[in-house]
Amino acid sequence: MTKPAPRVLIADDDAVALLVAQAALESAGFEVLGAENGSVAVTLFAEHNPECVILDVMMPEMNGFEACRTIRATAAGANAPILIMTSRDDVEAVARAYDSGATDFTSKGISSRLLIERVRFLLREYQSRQALVVSRGRLRMVQKMAQIGHWEVDSAGHTLHVSSVVRSLLPELTAARSHLAQLASALRSRDGRKLLEAFRGWQASRAPFQLEAEMRTGTSLHIHGTVTPGTDTAGNATLTLAVQDISTLRRAQQRAYRLANFDALTGLPNQAQFLDALTSELRIRKTSEPLGVLVFRLRGLERLQQSLGQAACDAALVSTSRLILDAIAHEAGSTFAHLGGGEFAFCRIGCNSPALAASVARNVARVLAVPVTGEGWTANFLVSTGIVMWPSDGQDAYTLFENARTTAARGMSAAESRHEFFASEVQQRALRLIDLESALHGAMARGEVSLAYQPRFGLADRAVRGVEALLRWNHPELGSVSPSEFIPIAEESGLIMAIGSWVLHEACRQAAIWRSKHGLQLTISVNVSAYQLRVPRTLVEDVLAALRCSGLPASALELELTESMMINAAGETLAALHELRSLGISIALDDFGTGYSSLGYLRRLPVDCLKIDRSFVSDLSADEGAERVLQAILGIASALELRTVAEGIETPAQLEFLRRHGCLEGQGFLLARPLSTDALEALLTESVAITATSSSNAA
Ligand code: C2E
Ligand code: MG
Ligand code: MG
């Protein structure tokens, strides 16, 4: 698209001169509007909005000055180039022309060529002026959006120019002819000094500078000083300060910092901040004096939340954090953090001994011994405190913190508030052994020990053949302890004799009840410890007493012994086993395959049954070699005419494989887990019913 020709309005009452000028301008490519006097020119200007106006001075109705003034007063005419044609050498007319707002003047009778060039120049100059106006407008807009203003001062610091943004930002500073020192004094004193220093530096070397400063009113400013060469009246360099209000940015940064480092609920430092503080403390630490780190865990929070809801819980946490804060003598060099939920952490530089750390923990427990109350809620918290000491319990902040945390978690089941020092895994195991051993004494008397029963099934018909009695120990604080963990302790401490005897009596008693109640040929298997076997006479007596007391036939009892026990069995032991077998009691080799009995030895042992260790069964799913091993074990059993029971059957595929390869019986989670007396009772009732139905069907 071609650009439309620029439009020129020319007013002259001299019709000939008008025609000549019109023709010349048209030939130069302009669109020309002609007016015979000033008032016609004003009308045409309003209608056509020409880019340039040429006015003769002397015209009827309205002269050129008048017309110029009228056009200038309109919005469209405010900046339009207006050329006034005066008579040659009429100096007064020139002055009047400028007074009435003319852009320029020319003398009447100027040649057509010159007039054309004059108009072209005026248009070019107008266009670049317009472009400048637009770009200044854009700059102003951008500055306003970014809240950046500029402030120009001379080399002595006096204001030369202030942009509107700066004016609205700092109204009282920029109202009168001000000095940079006034800005400096409106800043916080330290920042004011920084600005003046930077300004002096600029005066000396013209070095640009930037600084962030805060005004006494709290507004944050970013000030960037640059040199603008040769712009004051004397041609000296001036200083332009770009001034930006960064309060919003600062607030957002502060908020982000708060969110990242502080707990929103309590306002306390959070875990990240705690670790940072501890890391820096350890890094700058010049002494090897120990440092205590404590983690507190509140107990009772969950209960509070369930009964009174989250709001009460939050309120209780806030109150409690204040109480703990008071109790721990929070001071310089200490950090108290809320890790979330009911967990808090604390470290203090002066806390340099376990005794001091323990006293901090006791203070916290003491303040929490009193119920914390609020509007509509009362919280009774216990606190479990884990204490670690740097450097013995960890070199770095994270390890220390984690160790304190796990230590605090350990005390969570205690019935009262307590603190505990960190113990390494080895120490912990030793401590647990001590705990377990002391708890095991009297466990039977307190009724914490019971038996679970895992049924043994015929793999072909899935009928219950027998049950294995498995010891269970449930301690009120230590929870349920696995027999693999406590039986070795019972053995070491000698308690196994009493426990083993109790198991025999209890298992026989229960089996006798089930047999008579359900009319089943059920056998009961009892695990016997190597320690029991070391005193064979006692074992035999115990067994006989258990059978006698329960009325259980000897053929319904099976004793499970491990291969390793048998290998070490001395003559007296073997004799006892033979004696037991002669009574009709059967002997099973438990965990078969994990020991080292040779075939020759196995053949001579007084055993009736091999219990194939769980590991062979579970390997079945994993590799093919395992199938061959199992087949070999089953082959040995069959060659020695021993019964086989597979342990730990967990999948139908394992069961199917064992059945196909001639294993007669099995135990495992697939068939049934170890069950309580009641649960086993239910299972037996059910299986008796099934057997009855199937036999009546067969009949
Ligand atoms: P065990 O005699 O070989 O008993 C079998 C163990 O395997 C039991 O563990 C049982 O719960 C577990 N088990 C059974 N089926 C499966 C299964 O499908 N998958 C898996 N993963 N495990 C299965 P428990 O009750 O923890 O007993 C562990 C060991 O403690 C017993 O091994 C036994 O050696 C000993 N023990 C248990 N009760 C007594 C007891 O009264 N006296 C003695 N001296 N030792 C006992
Ligand atoms: Mg067993
Ligand atoms: Mg076993």
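Which residue forms a salt bridge with E281, and how far apart are the closest N and O atoms? I will start there, and I should say at once that what we are looking at is a predicted model. The partner of E281 is R285, and the closest N and O atoms of this salt bridge are 2.5 Å apart. Both of these residues, E281 and R285, are buried.

That pair is one of 31 salt bridges that a search of the whole structure finds, and I would like to set two others beside it. In one, the side chains of E343 and R405 meet, with 2.8 Å from N to O. This pair links distant parts of the chain, since E343 belongs to strand β13, residues 343-348, while R405 belongs to helix α15, residues 397-410, and 62 residues separate them. E343 is buried, at 11% relative accessible area, whereas R405, at 22%, is partly exposed. There is also a network, in which salt bridges with shared partners join R456, D461, R465, E558, R643 and E665.

The other pair is E66 with R69, where the closest N and O atoms are 3.8 Å apart. These two residues sit three positions apart in helix α3, residues 64-72, so about one helical turn separates them. E66 is partly exposed, with a relative accessible area of 37%, and R69 is partly exposed as well, with 40%.

Let me turn now to the metal ions. Which residues coordinate the magnesium ion that is ligand 2? They are E468 through OE, N527 through OD1, E560 through OE and D590 through OD, at 2.0 to 2.3 Å. Along the chain, these donors follow the spacing E-x58-N-x32-E-x29-D. D590 also bridges ligand 2 and a magnesium ion that is ligand 3, and the two ions lie 4.1 Å apart. E560 is found in strand β22, residues 557-562, and D590 in strand β23, residues 586-592, so the pair ties together parts that are 30 residues apart in sequence. As for their surroundings, E560 counts as buried because its relative accessibility is 2%, under the 20% cut-off, and D590 is buried too, with a relative accessible area of 7%.

Finally, I come to the surface, where D619, D623, E624 and E627 form a negative patch. Of these, D619 lies in helix α24, which covers residues 614-619, and at 35% relative accessibility D619 counts as partly exposed.

Key: Residues numbered from 1 in each chain as written. Chains lettered and ligands numbered in written order. Predicted model: local features only at pLDDT ≥ 70, side-chain atom pairs only at ≥ 80, totals over all residues. Heavy atoms only, no water. Patch = residues over 30% accessible without salt bridge, like charges linked within 9 Å, V, L, I, M, F, W, Y side chains within 5 Å. Areas by Shrake-Rupley, 256 points an atom, 1.4 Å probe, with all protein chains shown as cover. Salt bridge = Lys/Arg side-chain N within 4 Å of Asp/Glu carboxyl O. Lys, Arg positive; Asp, Glu negative; His and termini not counted. Charge placed at Lys NZ, Arg CZ, Asp CG, Glu CD. Helix = DSSP H or I, 4+ residues; strand = E, 2+ residues; numbered from the N terminus. Buried < 20%, exposed > 50% of the residue type's maximum accessible area, 1.4 Å probe, protein only. Donors = N, O, S within 2.8 Å, 3.2 Å for Na, K, Ca; no water.
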